[in-house]
Amino acid sequence: MASIPVETEFPHWQISQVHDPSHDIPVLADVDVVVVGAGPAGVAAATVAAEAGLSVIVVEAYGFAGGSAVAGLSATICGLFLASESDDPPVQVVHGFTERFRAALAARGGVTEPQRYGLTYTVAHDPLMWREVADSLLFNAGVRVLFHTQLTGVILDDDRYTGIVVHSKAGMSAIHARRVIDASGDAAAVARGGGKYFFGDEGRIQNPTMFFRLGGIDTEAFWSAWGKDTISPKEITEAIVSHRDKGADLPREKIWVFRSTRPGELLVNATRLSDSDGRMLNVVDPEDFTIAEMLGRQQVRAYAEFFASTVTGCTGAYVVDTGVEAGIRQTRSIVGVETLSNEHVVECRKSEHGVVRSPWPIELHSGNRPKLHWLLDDYYEIPYNSLVPAVGENVIVAGRCLSAEHEALASARVTAQCFELGHAAAVATILSLNSDTDYRDLRGSQIRTIMATNGSSI
């Protein structure tokens with residue numbers, strides 16, 4: 001699978017931003033590890049690395065941790081449970097840092113019990129409590145956290161990453177680091193270092209969404225009519241199509257509604273964002289990102305009106321909030337030493353070098369209704385080398401920018417797996433530094449063993 005030439009992707013923007021080690025930029029810190037991004041993968045990576053005694057800085061563009069789980073308001077921890085056609089209670093097969101975080105949320109009353117999602121289950125969380133749990137983990141581990149700070153470039157010594165360059169309201173500075181963990185979700189560090197990457201299936205990626213919360217709900221009446229499944233029943237889908245035929249801005253007809261931790265509230269995933277002419281939006285481009293958010297908020301109002309006028313228990317419904325940003329499912333994927341293939345996922349492959357389990361279906365958002373391919377009563381394992389860029393040393397990725405084919409990524413990108421991918425990247429970093437070994441020379445079996453000791457199901 002060839003990468004798309006980056007120089008033709010966004011002609012008005014410079015991607016590669018490489019600085020020499022002899023740069024004259026003020027140095028903010030010199031640490032063992034710098035983590036780019038504080039989403040699920042970044043929080044896990046920074047916490048685990050710091051708890052092992054490494055000096056760690058995490059940089060995050062927003063004023064809080066969470067990434068798509070919070071800024072994008074996805075607000076679910078998908079990927080914990082097996083899918084099955086039986087009516088048995090949910091079977092959790094992913095633990096480790098993921099379960100540690102879920103349990104911390106539960107201790108605050110910040111996460112729901114499992115909710116039926118088609119043939120599997122998921123849980124929903126309170127996004128404010130998510131931030132608080134992340135703050136607590138990072139602070140207690142001794143991580144130095146820089147919110148409101150954006151990566152603008154990387155420092156390379158030949159092909160070795162020796163740090164990053166960041167920008168904030170204070171200005172520009174350099175962070176020197178022995179290892180870089182790119183948990184940006186967009187392969188931001190790898191791309192700025194000139195590393196190879198690609199977008200989905202020959203440039204076709206999953207569309208973004210705009211999650212929202214509805215308040216003023218008679219939840220007892222709502223769930224009695226909606227049913228046990230969070231995926232919309234047939235009559236709701238038919239009603240959406242009917243309203244759309246009459247001119248309503250309701251492009252997606254199969255929608256998902258989750259119980260919230262808050263009384264009288266629902267979490268809704270209903271929008272499908274593309275340009276007004278139907279063009280796919282790639283939110284790496286700030287113009288596309290802006291279009292997604294403006295049209296997303298517009299669609300939220302249309303779906304809210306549909307709920308209030310049509311859905312049982314929603315007569316008094318109002319929009320509590322939308323995501324701070326559009327929910328991002330896919331942007332850049334690195335070209336890795338190994339690539340998670342579509343067949344690997346469908347066939348539920350496992351190996352001694354697999355470091356993260358995933359039982360989540362291939363959940364492909366393309367067109368007016370999502371496409372689901374279930375992995376029944378089974379799971380696959382994400383190979384370690386899918387986190388290691390094919391070119392470049394001292395850098396590893398964690399989260400949705402791993403090396404994965406289009407449909408494979410539609411399964412591997414969800415929150416539970418991102419937590420554990422961050423866990424894996426941290427363990428690899430600890431091993432790499434302690435043994436003075438390049439990431440590509442480590443074996444997944446080594447990382448797998450340590451993760452199991454840490455509580456991961458692997």
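Biologist: Which residue does Asp186 form a salt bridge with?

Modeller: Asp186 pairs with Arg400, and the closest N and O atoms are 3.0 Å apart. Keep in mind that this is a predicted model.

Biologist: Where do those two sit in the chain?

Modeller: Asp186 is in the loop between β10 (171-182) and α4 (188-192), while Arg400 is in the loop between β21 (395-397) and α9 (406-412). They are 214 residues apart in sequence, so the pair ties together distant parts.

Biologist: And Arg400, buried or exposed?

Modeller: Buried, with a relative accessible area of 12%.

Biologist: How many salt bridges turn up in the whole structure?

Modeller: A search of the whole structure gives 21. As a rule, side chains of opposite charge can pair when their charged atoms come close.

Biologist: Which residues are linked in a network?

Modeller: Salt bridges link Asp126, Arg213, Arg262, Glu265 and Asp321. Within that group, Arg262 bridges to Glu265, with the closest N and O atoms 3.9 Å apart.

Biologist: What about accessibility for Arg262 and Glu265?

Modeller: Arg262 is partly exposed at 27% relative accessibility, whereas Glu265 is buried at 8%.

Biologist: OK, what does Lys350 pair with?

Modeller: The side chain of Lys350 meets that of Asp378 in a salt bridge, 2.9 Å from N to O. This pair links distant parts of the chain, 28 residues apart: Lys350 is in the loop between α8 (342-346) and β17 (354-358), and Asp378 is in the loop between β19 (371-373) and β20 (380-383).

Biologist: How accessible are Lys350 and Asp378?

Modeller: Both count as partly exposed: Lys350 has 38% relative accessibility and Asp378 has 26%.

Biologist: Switching to Arg329. Where is that one?

Modeller: Arg329 is in the loop between β15 (318-322) and β16 (332-334). The residue is buried yet has no salt bridge.

Biologist: Why no salt bridge for Arg329?

Modeller: The nearest side chain of opposite charge is Glu363, and that is 4.8 Å away. A salt bridge here needs a nitrogen within 4 Å of a carboxyl oxygen, so Glu363, at 4.8 Å, doesn't qualify.

Biologist: What polar atom lies 2.6 Å from the Arg329 side chain, then?

Modeller: The backbone oxygen of Asn207 lies 2.6 Å from a polar atom of that side chain.

Biologist: Which other residues is Arg329 in contact with?

Modeller: Leaving aside neighbours within four places in sequence, the contacts of Arg329 include Gln206, Pro208, Thr209, Arg252, Asn269 and His365. Arg400 and Arg413 are also among them, and Arg400 is the partner of Asp186 from earlier.

Biologist: Let's do strands. Which ones pair with β8?

Modeller: Strand β1 (residues 18-19) runs parallel to β8 and is joined to it by two bridges; His19 has Ile155 as its bridge partner there. Strand β9 (residues 160-168) runs antiparallel to β8, with seven bridges, and Leu151 has Val166 in β9 as its bridge partner.

Biologist: What sits between β8 and β9?

Modeller: Two residues, making a hairpin; Asp158 in the turn has a positive phi of about 60°. Strand β8 (residues 150-157) is mostly covered, with six of its eight residues buried.

Biologist: Last one: what order do the strands take in the open sheet of three?

Modeller: The order is β4-β6-β5, with antiparallel pairing. β4 (76-77) and β5 (115-117) are at the edges with a single partner strand each, so one side of each has no neighbour in the sheet. Two bridges join β4 to β6 (residues 120-124), and Ile77 is opposite Val123 in β6.

How values were computed: Residues numbered from 1 in each chain as written. Predicted model: local features only at pLDDT ≥ 70, side-chain atom pairs only at ≥ 80, totals over all residues. Heavy atoms only, no water. Helix = DSSP H or I, 4+ residues; strand = E, 2+ residues; numbered from the N terminus. Buried < 20%, exposed > 50% of the residue type's maximum accessible area, 1.4 Å probe, protein only. Lys, Arg positive; Asp, Glu negative; His and termini not counted. Polar contact = N/O pair within 3.5 Å; in protein donor to acceptor, adjacent residues only side chain to side chain. Contact = heavy atoms within 4.5 Å. Pairing = 2+ DSSP bridges.
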